[in-house]
Amino acid sequence: MYRLSFITRQLASLTTASRQIQQTRKMHIKAIKMRWLTGGVNYSYLLSTQDKTKSWLIDPAEALEVFSALKTEELTSVDAVVNTHHHYDHSGGNGAMVSRLTEIKGSDVQVICGSHNSPGATQIPKHLQEYTLGDLKIRCIRTPCHTQDSVCYYVRDPNTGEKAIFTGDTLFIAGCGRFFEGTGEEMDVALNRRILDGVGEANWSSTKVYPGHEYTKSNVKFVRDAVYKKVGDNSALDMLENYCKKNEVTTGVFTLRDELEYNPFMRLDDPTVRDAVNDAQGSCTRAQVTDRLRELKNKM
Ligand SMILES: [Zn+2]
């Protein structure tokens with residue numbers, strides 16, 4: 001009798017444990033490497049709800065690489081193909097992905113992106129427009145500069161408090177994208193007003209950054225060569241540098257708060273950053289500092 005009640009108690013606690021695991025199960029983000037063998041080092045991302053029944057497929061530019069990385073149930077969960085901007089290495093797979101996904105699912109797949117320059121666009125979100133994906137809340141933050149149609153997608157899971165932002169070629173870890181269709185002033189606004197305000201200060205330290213490329217190593221080299229030249233000048237950069245030595249993949253590891261610690265494009269008023277762009281007096285505008293930093297990086 002004692003033994004039976006012991007087993008019953010054990011079973012009850014096991015059930016409680018499995019319930020707890022279910023309660024803490026999180027939204028899923030699967031990073032898919034694309035164009036790594038040809039030097040593009042792009043990422044596509046599958047963002048899925050806790051129960052994995054609904055997903056967004058972000059920037060699936062290389063359809064073959066994306067298809068081979070996803071299981072059938074992951075493909076059937078995709079509600080929308082989503083682009084961070086129209087460049088071919090982000091949007092070039094839209095047509096192939098949508099026709100195959102429509103076939104597999106037997107229903108429509110939306111294409112959410114910043115403009116009709118992305119193939120097959122069906123929805124163009126406004127700045128700060130919100131979407132719901134299952135339990136997930138997604139805020140579209142328009143960040144024109146790299147392209148005029150650049151959009152960052154900020155996602156939060158109200159059940160777990162987990163947060164992430166997909167930044168395309170606007171914000172990279174320890175860097176930012178080139179200003180192909182915009183100015184230094186626009187990049188300053190994109191990074192330091194639109195992204196930071198769109199996420200909200202209370203969430204900066206819990207929001208993981210998922211950029212469009214794995215450029216962290218070369219960005220760290222630039223920041224080390226041009227700005228914080230010695231170990232000890234910026235302890236956050238030292239930490240990131242060490243991480244890069246040991247890890248090839250850095251996406252989804254660092255937060256917006258981390259960026260504020262080591263990313264010079266988000267530290268425009270730091271005297272060391274001003275020194276790096278020959279503005280020891282601090283007389284340049286933030287836009288000028290952004291432009292000068294970008295010029296230095298372009299020459300690297
Ligand atoms: Zn781009």
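**Figure 1. The hairpin of strands β8 and β9 in the predicted model.** Six residues separate β8 from β9 in this hairpin. Within the turn, Gly161 adopts a positive phi of about 80°. The pairing of β8 (residues 151–156) with β9 is antiparallel and comprises four bridges. Across this pairing, Val155 lies opposite Ala164 of β9.

**Figure 2. Strand β9 and its parallel neighbour β12.** Strand β9 (residues 163–168) is mostly covered, six of its six residues being buried. In a regular strand, side chains alternate between the two faces of the sheet. For β9, both faces are covered: Lys163, Ile165 and Thr167 are buried on one side, and Ala164, Phe166 and Gly168 are buried on the other. Strand β12 (residues 207–211) runs parallel to β9 and is joined to it by five bridges. Phe166 of β9 has Tyr210 of β12 opposite.

**Figure 3. The enclosed strand β4 and its pairing with β3 and β5.** Strand β4 (residues 78–82) is largely enclosed by the rest of the structure, because five of its five residues are buried. Strand β3 (residues 55–58) runs parallel to β4, and four bridges join the two. Among the residues of this pairing, Ser55 has Val78 of β4 as its bridge partner. Strand β5 (residues 110–112) also pairs with β4 in the parallel sense, over three bridges. Here Val81 faces Val111 of β5.

**Figure 4. Helix α6 and the bend at Ala190.** Helix α6 (residues 184–199) contains 16 residues, which at 1.5 Å a residue should span 22 Å; the end C-alpha atoms are 21 Å apart, in agreement with that expectation. A bend of about 35° occurs at Ala190, which is itself one of the buried residues of α6. The other buried residues of the helix are Gly184, Glu186, Met187, Asp188, Val189, Leu191, Arg194, Ile195 and Val199. Just after α6, Gly200 takes a positive phi of about 90°.

**Figure 5. The buried side of helix α7.** In helix α7 (residues 216–226), the buried residues are Thr216, Asn219, Val220 and Val223. These residues lie on the same side of α7, because they cover an arc of only 100° around the axis. An α-helix has 3.6 residues a turn, so residues three or four places apart point the same way. The buried residues of α7 pack against the strands β10 (171–172) and β11 (175–176), and against the helices α8 (235–246) and α9 (256–262).

**Figure 6. Two loop residues, Val41 and Asp59, with positive phi.** Val41 is not a glycine, yet has a positive phi of about 40°. Its place is in the loop between β1 (28–34) and β2 (42–48). Val41 is partly exposed, because 19 other C-beta atoms lie within 10 Å, whereas a residue counts as buried at 20 or more. Asp59, also a residue other than glycine, has a positive phi near 50°. Asp59 is located in the loop between β3 and α2 (63–69). With 30 other C-beta atoms within 10 Å, Asp59 is buried.

**Figure 7. The span annotated in UniProt as "domain: Metallo-beta-lactamase".** The UniProt record, an unreviewed entry, lists residues 41–213 under this name. In the model, the end C-alpha atoms of residues 41–213 lie 5 Å apart. Helix makes up 25% of the span and strand 29%.

Technical notes: Residues numbered from 1 in each chain as written. Predicted model: local features only at pLDDT ≥ 70, side-chain atom pairs only at ≥ 80, totals over all residues. Buried ≥ 20, exposed ≤ 12 C-beta atoms within 10 Å, placed from the backbone. Pairing = 2+ DSSP bridges. Expected span 1.5 Å × (residues − 1). Bend = angle between axes of the 7 residues up to and from the residue. UniProt positions renumbered as here; feature names shortened; annotations may be inferred. Arc of directions from axis to C-beta. Contact = placed C-beta atoms within 7 Å.
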